[in-house]
Amino acid sequence: MTATEDRYDPQAVELKWQEKWDRDGTNSFSEDELRNAKDPYYNLMMFPYPSAEGLHVGNLYAYTGADVNGRYWRLRGKDVFEPIGFDAFGIHSENYALKVGTNPNDLIPRNVENFTNILKRFGGMYDWNHTVNTTHVNYYKWTQWVFLKLFEGGLVERREAPVNWCPSCMTVLANEQVIQGQCERCESVVEQRLLPQWFFKITHYAQALLDNIEGIDWSDITKKAQTNWIGRSEGAEVDFAVDGVPEAIIPVFTTRPDTLYGATYMVLAPEHPLVDRVTTRQERSAVAAYKAHVATQGLVERQKTDQDKSGVFTGGHALNPTNGARIPIWIADYVLMGYGTGAIMAVPGHDVRDFEFATKFQLPIVRVIAGDGEDGSTPLAEAYVGDGVLVNSGEFDGMAVAEGKRAIVDKLAASGQAKAEVNYRLHDWCVSRQRYWGPPIPIVHCDNCGAVPVPEQDLPVELPYLEDFRPDDSGVSPLTRVTDWYETTCPSCDGAAHRETDVTDNFLCSGWYFLRYPSTDTDATALDPELTKKWLPVDCYIGGNEHAVLHLMYARFLTMALNDLGVIDFAEPFKKFRAHGILNREGRKMSKSKGNVIVPDDIIDEFGADTLRLYLLFLGPFEQGGDYQGKGIHGPYGFLNRLWQSVVDAERGEADEHVERQLHRTIKQVTEQVPALQHNTAIAAMMEYLNAVRRGGRTPRRSELEPLVILLAPFAPHIAEELYARLGHDSGLFESARWPPFDESKTIDAVIDIAVQINGKLRGQVTVPAEADEATARAAAEGSDKIGKYLDDKTVRKVIYVPNRLINLVAN
């Protein structure tokens, strides 16, 4: 069956136009076209990681919404650049390769090919001339270059640190990759290990990342997530001397210096360097046993607030700097060395966790803040966390909390025991992974020279083909087993050396990929200066909010760092970011782990990609998501069939006045709603308009249908192209058509029906001119035979008129 027959055949139509787009390069830019674009618009969506057999409809939901945005702006006259690529390195891909027993060097290219076929079938406006694959050497060469740039700028550090270790994936995980104490990849319980790791100093940009949030046009939900993750808190750093241990000082960061008089004990992280010095001989065995136990826990698990409190007394004591009180020093798993100073002052009277800990271990609880109707002797059945005045606080009694904070810090600062401080929840980004499938870190270790960066001219450090790529529990990468690769010479002294065997976190690969897209025509540089200046930052980025504190935070950091290093001239990567909603299936979140994903191939085979695209975006507000119901797809399919038949049956001629006004209202609504991502209501408006065109069995006019075909084009591009051609156009829709304008005056009906009430009761309707004044509406109501009878022998005493809606005549 061919696409020229009168019956709608989606498979034939879609194959025809996909082949034509590919043959004509409709969606692709040449290098010259990129350089000479007059009105550039960079439309970006999150590139997929091809770790399994293929994409599911939940993925296509996100891609369709983003593609509609790009196609819309193209029809508005923009030069739209919409590239796509593959985030193919990392644990996702390697774990899948292990699962199916195939080397990732062989498996991932097949997965990429499969993903490519699906993306082409669904009709994305992708520029396949400008694609990236993070596993290709011509891409990860430049990922290594980014690492070296940050290294040169002092933003990379190797240090031993407690890290999250997944015993199943056998690698380190960033804090952001641990969900409720479990690995986000495989859901194994995460442990803690002390390992040498490479870190990017994202904390140097904590305040800049926070400051810029207010000025970026991003989804509020994403901005809030980043604000909370950065976690700025203002307070003071206070020094506690250790009793009986000369020159031993424990600094503590607190946001509540007003409660210092209530600090009745201290807690150190088990890894704190002072633990051994403060522990007495009698408590050493208990402390050692507890430290060994904590080492089996993951860092995120230790932060859970709902778990039973545990800890041991070290036997040592600190001195409270406000009153000289001698307070016991404990260690506990909920205090982490990487957070703050690795030590806390415990104020059980005014902190819930401290109260629970003190109650369990029978430690003193002192009230130092009193609320209304309370004083220093009021008992505490639970921690009091409200506002009030200071009590049991010596010379500061009676001060309000805010005043007390300042006064206590000022006094301690005068003696060098405290200083005002700002702290952040954000921690440096651990980029080391002890796995095989990733870009090797471009560092050489030399006994004489230390860690030496690989010279830029020697990039890439290629990932060798490794037959046995399985990780082990040693904490060392499988790359150590490739002796001829591992052993090398030092770039600095030419002496014997060995390569760094950790590979980088795949979030580094995805943290800068959008910068590379315009420059993929060149291998001479990572970022062509002219193209980067023309196309970046990205105009619109659409993706999942689950990446708010991972990919999106890292992308912002890398952009800021590269800007400071003089590589690029902008500090924020995306002018606009919108988070799409989640697609459910009959009330349950769609995911591979739940076994309820829907593969699109069979749906496209039966109904076509255009129907699927339309249905996905009709399910609900794009930024909220929707619920996929199998039978619901018949509605959009029927709509496309009716539109097809309408074009087949259409005649030449002028549109009637009613249809014309409905058309202009529809154009206005769709024009306003598509860039606002209100796709479901835009689709509903187009469906309603087609019903108006066909109402009463009337024969549609071509002039009534052509604007609708163009409005539909971003949502259902294949059928729109075909119908546009059938309406008499030789050039393709996306090559020659422009978005239809609307006449504001024609969006308002010439006449309308308004409700008429007599003494508040509905008595009928009358037809009046749109925006009729009160006198006109009253005259129409009183002149109506049906309504006038209710006014016989009565006098109208009052008129209540709501223009274009109703008139109420109050009469007696």
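This report describes a predicted protein model, moving from its overall make-up to selected helices, residues and backbone features.

The model is predicted, and for that reason local features need pLDDT of at least 70 and side-chain atom pairs count only at pLDDT 80 or more, while totals for chains, interfaces and linings use all residues. Residues are numbered from 1 along each chain as its sequence is written, and side-chain values use heavy atoms, with hydrogens and water left out.

## The protein as a whole

The protein holds 27 helices and 33 strands, where helices (H or I, at least four residues) and strands (E, at least two) are DSSP runs numbered from the N terminus. Its C-alpha trace spans about 100 × 85 × 45 Å along the principal axes. Of its 812 residues, 55% count as buried; buried means under 20% relative accessible area, exposed means over 50%, and partly exposed lies in between, with a 1.4 Å probe and protein chains only. The accessible surface comes to about 33,800 Å², and 47% of that surface belongs to carbon and sulfur atoms; the areas come from the Shrake-Rupley method with a 1.4 Å probe, and for residues only the protein chains shown count as cover.

Contact here means heavy atoms within 4.5 Å. Among the contacts with a separation of 6 or more, 72% are made by residues 24 or more positions apart.

## Three helices

Helix 20 (residues 634–649) has 16 residues and reaches 22 Å from its first C-alpha to its last, close to the 22 Å expected at 1.5 Å a residue, the expected span being 1.5 Å times one less than the number of residues. Its buried residues include Phe639, Leu640, Leu643 and Trp644, and the buried residues of this helix pack against helix 1 (10–24), helix 19 (609–618), helix 22 (679–694), helix 23 (702–712) and helix 24 (717–726).

Helix 6 (residues 137–152) also has 16 residues, and its end C-alpha atoms are 22 Å apart, in agreement with the expected 22 Å. Among its buried residues are Tyr139, Tyr140, Trp142, Trp145 and Phe147, and the helix is followed by Gly154, whose phi is positive, near 75°.

In helix 4 (residues 91–100), the buried residues are Ile91, Ser93, Glu94, Tyr96, Ala97 and Leu98, and they pack against helix 5 (104–121) and strand 4 (171–173). After helix 4 comes Gly101, with a positive phi near 70°.

## Three residues and their surroundings

Thr559 is found in helix 17 (residues 551–564) and is buried, with a relative accessible area of 0%. Its side chain reaches the backbone oxygen of Ala555 at 2.7 Å. Leaving aside neighbours within four places in sequence, Thr559 is in contact with Phe514, Ile568, Phe570, Ala571, Glu572 and Pro573.

Thr279 lies in the loop between helix 9 (275–278) and helix 10 (284–294), and this residue too is buried, with a relative accessible area of 7%. A polar atom of its side chain lies 2.6 Å from the backbone oxygen of Val275. Not counting residues up to four places away in sequence, Thr279 touches Arg284, Val287 and Thr314.

His729, by contrast, is partly exposed, with a relative accessible area of 26%, and its place is in the loop between helix 24 and helix 25 (733–736). Polar contacts (pairs of N or O atoms within 3.5 Å; within protein, one must be able to donate a hydrogen and the other to accept it, and residues adjacent in sequence count only if both atoms are side-chain atoms) join the side chain of His729 to that of Glu706 at 3.0 Å and to that of Tyr724 at 3.4 Å.

## Backbone features

Most residues other than glycine have a negative phi, and most peptide bonds are trans. The table lists places in this model with a positive phi or a cis peptide bond.

| Place | Feature | Value |
|---|---|---|
| Leu459 to Pro460 | cis peptide bond | omega near 5° |
| Leu536 to Pro537 | cis peptide bond | omega about 5° |
| Asp494 | positive phi | about 65° |
| Asn759 | positive phi | near 55° |

Pro460 lies in the loop between strand 21 (450–453) and helix 13 (483–486), whereas Pro537 is in the loop between helix 16 (529–535) and strand 25 (540–544). Asp494, in the loop between strand 22 (487–489) and strand 23 (496–499), is exposed, with a relative accessible area of 61%. Asn759, in the loop between strand 30 (751–758) and strand 31 (761–769), is partly exposed, at 39% relative accessible area.
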